[in-house]
Amino acid sequence: MAKLTQGTYHLVSLGCPKNLVDSESIARILNRRGLLAVDLPEKSEYLIVNTCGFLAAAREEALAVLTDLASGKKTWQKLIAAGCMPELHRQDLFDSVPGLDGVLGTRRWMDIFHVLDQLDQKNRQEPFSPVSLQTLESYKPAEKHRFAIQGGTAYLKIADGCRRACSYCLIPLIKGGLVSRSIDAIVQDAKFLQDQGIKELILIAQDTTDYGHDLGMRDGLVRLLETLLKTVPHIPWIRLMYAFPGYVTKGLIQLMKSESQILPYLDIPLQHADPAVLRAMRRPANIEAVTQALGHIRSEVEDIALRTTMIVGFPGEDEPAFQRLIDFVKFVRFDHLGTFPYSFEPGSPAEVLGNPIPEEIKDARAEQLMQIQAEISRSHNQAFIGQEMDVLIEGIDDENKISIGRSYRDAPEVDGLVLIEGIAPVGAIVPAKITGAITHDLFGKLV
Ligand code: SF4
């Protein structure tokens, strides 16, 4: 083996920020053991793909990446599939990706070094399968960091797994039930991130509003936030993602209202607005209560930005049900909305409902809903013209002398950007005057 490749790894992270945090945790373990991350797969001894597996499209992407790496793999390289996909599709992975040496389930990411160690000792023709699963709290404290840093932003995982029973979702099967981290462990990570100069802390979990339920806490997220307000006062932005409808408590609204450090931004994936479809999805189906709750949040928290996601084409979504969804979206006027055509997932509780709605109808409905939302998002954005906003700078377009960032209204990757004339320091929060608006993005100049 060429000397350069020994003890090196190439890690590909697929899927959502929750998976990114796991990827960074894997990387930290490997780095601590003296391994070196490299960009080029051909220079790497270990090829690791942290997969996303909860939708068919994500599994296809993971298989494509793994197959590509396997096709160029040399005899001295080892290919490992980690993450969600090995939890439910372990055998499929070995069947579909010749040359795959090992798999590591999403709940076993902390055992990455053990897998590499085993592979080194084994005959490489023999795939390695890890043993039974373990929960988050059983690994060594030194490996407990659960964050991923991206510029001035850090995602911080506060819990993993989910105890809800949404019928279309494989996550509880893949990740198991809710396992919250202790407030102490989260605060330790947050303090570390504060020391690194992080400007935006994004708290993530499958369902952040369920934080602490398994630890016997009441309003656990509020308790956690109250502690963070005291312990990391120098992180100016704390953002919450993935709230469950009906679980945004009075305490949380109050905190968002009174504490400027907690951004007035809520991502509440609602998935639909027709009660019958919601019942079939096993989601909160009292849409009047949801509408009232959203109105209440808006009346209490000034300038709150609301984001949601919707699934179209779920079994039973007839034309009247889809129309109710459109009416709801037009009525609530979310700041941001993502739409996904229903993905039929064998093994999910909704499998028994089949997949009766043709893909072209799902796609047409998704497009129709996004067009309706585009008009709403544009008009929300236009209301900010002439206002001053704080913008977290994420990058620079040197050629055009433009700074690219986000305001409190925009979460990374899923929402819009603010494009500012002039060069501002990357990682800083700067005031900008908004001068223009399109559907998703704002334009401004430095104040
Ligand atoms: S809340 Fe529902 S959709 Fe979200 S991870 Fe849990 S089961 Fe899946």
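**Close-up views of a predicted model**

**View 1. Helices H1 and H4 cross in this predicted model.** The axes of H1 and helix H4 (residues 112–121) come within 9 Å and cross at roughly 60°, which makes H1 oblique to H4, given that angles of 65 to 115 degrees would count as roughly perpendicular and those under 35 degrees as roughly parallel. On the H1 side the contact involves Ile26, Ile29 and Leu30, and these meet Ile112, Phe113 and Leu116 of H4. Sorted by character, the residues of this contact comprise 6 nonpolar ones, with no polar and no charged residues among them.

**View 2. An open sheet of 5 strands carries helices H1 and H2.** The strands follow the order E2-E1-E3-E4-E5 and their pairing is parallel, with strand E2 (36–37) and strand E5 (100–105) at the edges, where each pairs on one side only. Helix H1 (residues 17–32) packs on this sheet, touching E1, E2, strand E3 (46–51) and strand E4 (78–83), and the direction of H1 makes about 175° with that of E1. Helix H2 (residues 56–71), in turn, lies across E1, E3, E4 and E5 and runs at about 175° to E3. At the E2 edge, strand E1 (residues 8–13) and E2 run parallel and are joined by 2 bridges; Thr8 has Leu36 in E2 as its bridge partner.

**View 3. Strand E7 is covered on both faces and pairs with E6 and E10.** In strand E7 (residues 153–157), 5 of the 5 residues are buried. In a regular strand the side chains alternate between the two faces of the sheet. Here Thr153, Tyr155 and Lys157 lie on one side, Ala154 and Leu156 lie on the other, and all of them are buried. Strand E6 (residues 147–150) pairs with E7 in the antiparallel sense over 4 bridges, and one of the paired positions is Gln150, whose bridge partner in E7 is Thr153. These two strands, E6 and E7, form a hairpin with 2 residues between them, and Gly151 in the turn has a positive phi of about 65°. With E10, by contrast, E7 runs parallel and is joined by 5 bridges; Thr153 also takes part in this pairing, with Glu200 in E10 as its bridge partner.

**View 4. Thr208 is buried in the loop that follows strand E10.** The loop that holds Thr208 lies between strand E10 (200–204) and helix H7 (220–231). Thr208 has a relative accessible area of 1% and is therefore buried, since the cut-off for that class is under 20%. The side chain of Thr208 reaches the backbone oxygen of Met241 at 2.6 Å. When its neighbours within four places in sequence are left aside, the residues in contact with Thr208 are Ile158, Leu203, Leu221, Met241, Tyr242 and Ala243.

**View 5. Helix H12 packs on an open sheet of 3 strands.** The strands stand in the order E12-E13-E14 with parallel pairing. Strand E12 (265–267) and strand E14 (336–341) each have a single partner strand, so that one side of each is left without a neighbour in the sheet. Direction ignored, neighbouring strands of this sheet are turned by 15° against each other on average. Strand E13 (residues 305–312) and E14 run parallel and are joined by 6 bridges, and Ile311 stands opposite Phe340 in E14. Helix H12 (residues 359–382) touches E13 and E14 as it packs on the sheet, and its direction makes about 175° with that of E14.

Definitions and conventions
Residues are numbered from 1 along each chain as its sequence is written. This is a predicted model: local features need pLDDT of at least 70, side-chain atom pairs count only at pLDDT 80 or more; totals for chains, interfaces and linings use all residues. Side-chain values use heavy atoms; hydrogens and water are left out. Two strands pair if DSSP finds at least two bridges between them. Contact means heavy atoms within 4.5 Å. Axes are lines fitted to C-alpha atoms, for helices over the stretch in contact, and angles run from 0 to 180 degrees between N-to-C directions. Angles under 35 degrees count as roughly parallel, over 145 as roughly antiparallel, 65 to 115 as roughly perpendicular and the rest as oblique. Ala, Val, Leu, Ile, Met, Phe, Trp, Tyr, Cys and Pro count as nonpolar, Asp, Glu, Lys and Arg as charged, and the others, Gly among them, as polar. Buried means under 20% relative accessible area, exposed over 50%, partly exposed in between (1.4 Å probe, protein chains only). A polar contact is a pair of N or O atoms within 3.5 Å; within protein, one must be able to donate a hydrogen and the other to accept it, and residues adjacent in sequence count only if both atoms are side-chain atoms.
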